[in-house]
Amino acid sequence: MRKLLVAGNWKMNKIGQDARDLFQALNREAMSLPANVDVMIAPPALYLKWFTNDSTAKITVGAQDVSHRDEAEGAYTGEISAAMLQAAGVDYAIVGHSERRTYHGETDELIRKKIAACLSAGIAPIYCCGEVLAERESGRHIEVVRNQVQTALKDFSANDLAKLVVAYEPVWAIGTGKTASSEQAQEMHAEIRTLIGELLGQDFADKVRILYGGSCKPSNAASIFSQPDVDGGLIGGASLVANDFIAIIHAGA
Ligand code: PGA
């Protein structure tokens with residue numbers, strides 16, 4: 001039985017006290033969150049230590065990105081290494097988000113290096129994949145996502161990838177208000193799990209968590225999360241509103 005993960009990706013949102021207020025609002029609810037759901041938030045990097053240092057914190061913290069360099073330190077301006085995240089008490093890092101692919105030219109090969117950097121520092125990578133609208137409309141969505149996953153996971157063993165989380169995020173659904181239907185999500189999640197089984201064995205495939213992301217909200221979360229191969233969600237916009245995010249977490253109960 002896989003435990004659900006509901007992860008909030010704040011993106012470049014919440015300035016100063018607003019970030020603290022949102023964190024505190026979620027933290028207040030943490031005691032009464034469903035036991036079968038893990039909860040993680042990924043604030044802007046500047047705030048990570050505020051939250052990991054907070055002794056009252058009950059919510060797991062993740063980074064939105066990580067350097068692909070496997071060195072812990074080095075002359076790489078602007079980069080944050082996986083070892084630094086680990087030392088700061090961070091448990092997860094989102095890698096390969098479509099906004100990084102689109103605005104920062106991240107390739108599947110670079111994303112593979114980010115996964116490797118996370119794994120060597122003990123950070124759980126949340127690896128994002130997903131097709132753009134034209135790829136879905138031309139019927140190539142499954143092939144596109146299979147290729148992404150295959151490139152990202154090549155050369156790793158099931159042992160290496162023990163902490164891996166996959167997030168299927170159809171790009172046409174991110175921030176657009178258009179959600180994949182539960183059937184579309186289930187179809188792709190089942191494909192991804194089958195592929196992971198082919199690459200890494202059925203035992204591993206049965207255990208790996210595959211999240212859905214893309215305009216997930218309180219009104220659609222329960223039906224998406226109830227699909228057999230959907231193990232929670234990566235939530236953008238709705239994770240910025242405490243009550244919406246909490247409602248989505250409860251939809252997994
Ligand atoms: P959204 O973003 O929920 O705002 O669509 C999801 C994501 O980008 O992870």
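Which residues is Tyr-127 in contact with, once its neighbours within four places in sequence are left aside? In this predicted model, the list runs to Val-95, Arg-101, Ile-111, Ile-115, Gln-148, Val-149, Ala-152, Leu-164, Val-165, Val-166 and Ala-167.

Tyr-127 is a handy place to start looking around, as it belongs to the largest nonpolar core, a set of 72 residues. Along with Ile-192 and Ile-196, Tyr-127 is among the residues with the most contacts inside that core. Apart from this core there's another one, made of 13 residues, including Ala-7, Met-40, Ile-94 and Ile-126. As a bit of background, nonpolar side chains in soluble globular proteins tend to be buried together.

Now for the empty spaces. Here are the two largest pockets and the largest cavity, side by side.

| Space | Volume | Lining by type |
|---|---|---|
| Largest pocket | about 560 Å³ | ten nonpolar, six polar, five charged |
| Second largest pocket | about 230 Å³ | eight nonpolar, one polar, five charged |
| Largest cavity | about 30 Å³ | three nonpolar, four polar, two charged |

Take the largest pocket to begin with. Its lining is made up of 21 residues, and the ones nearest its centre are Lys-11, Gln-64, Asp-65, Arg-100 and His-104. Helix α4, which covers residues 98-104, gives the most to this lining, with four residues.

The second largest pocket has 14 lining residues. If you want to find its centre, look for Ala-162, Lys-163, Leu-164, Phe-204 and Lys-207, which lie nearest to it. Here the largest share of the lining comes from helix α9 (residues 202-207), which provides three residues. Leu-164 may ring a bell: Tyr-127 is in contact with it.

What about closed spaces? The count comes to one cavity of 30 Å³ or more. Lining this cavity are Gly-96, His-97, Ser-98, Arg-101, Cys-128, Cys-129, Gly-130, Glu-169 and Ile-174. Two elements, α4 and β5 (124-129), give two or more residues each to that lining. Arg-101 is another familiar name, as it is on the contact list of Tyr-127 too.

Next, have a look at helix α10, residues 218-225. Which of its residues are buried? They are Asn-220, Ala-221, Ile-224 and Phe-225. These four cover an arc of only 125° around the axis, so they sit on the same side of α10. That spacing makes sense in general terms: an α-helix has 3.6 residues a turn, so residues three or four places apart point the same way. As for what lies over the buried residues of α10, the cover includes strands β1 (4-9), β7 (209-213) and β8 (232-235), along with helices α8 and α11 (242-251).

Helix α8, one of those covering elements, spans residues 182-200 and holds Gln-186. Is Gln-186 buried or exposed? Its relative accessibility is 15%, and because buried means under 20%, Gln-186 counts as buried. Not counting residues up to four places away in sequence, Gln-186 touches Gln-227, Pro-228, Asp-229 and Val-230.

Finally, there's Asp-21, which you'll find in helix α1 (residues 17-29). With a relative accessible area of 40%, Asp-21 is partly exposed. Asp-21 and Val-39 are 18 residues apart in sequence, and their C-alpha atoms are 17 Å apart in space.

Methods: Residues are numbered from 1 along each chain as its sequence is written. This is a predicted model: local features need pLDDT of at least 70, side-chain atom pairs count only at pLDDT 80 or more; totals for chains, interfaces and linings use all residues. Side-chain values use heavy atoms; hydrogens and water are left out. A nonpolar core is a set of buried Ala, Val, Leu, Ile, Met, Phe, Trp, Tyr and Cys residues joined through side-chain atoms within 4.5 Å. Buried means under 20% relative accessible area, exposed over 50%, partly exposed in between (1.4 Å probe, protein chains only). Contact means heavy atoms within 4.5 Å. On a 1 Å grid over the protein atoms alone, a cavity is a set of points where a 1.4 Å probe fits but cannot get out, and a pocket is an open set with protein on both sides within 12 Å along at least five of seven lines; lining residues have an atom within 4 Å of a point. Grid points are joined across faces, edges and corners, and a volume is the space filled by probe spheres set on the points. Ala, Val, Leu, Ile, Met, Phe, Trp, Tyr, Cys and Pro count as nonpolar, Asp, Glu, Lys and Arg as charged, and the others, Gly among them, as polar. The arc is that of the directions from the helix axis to the C-beta atoms.
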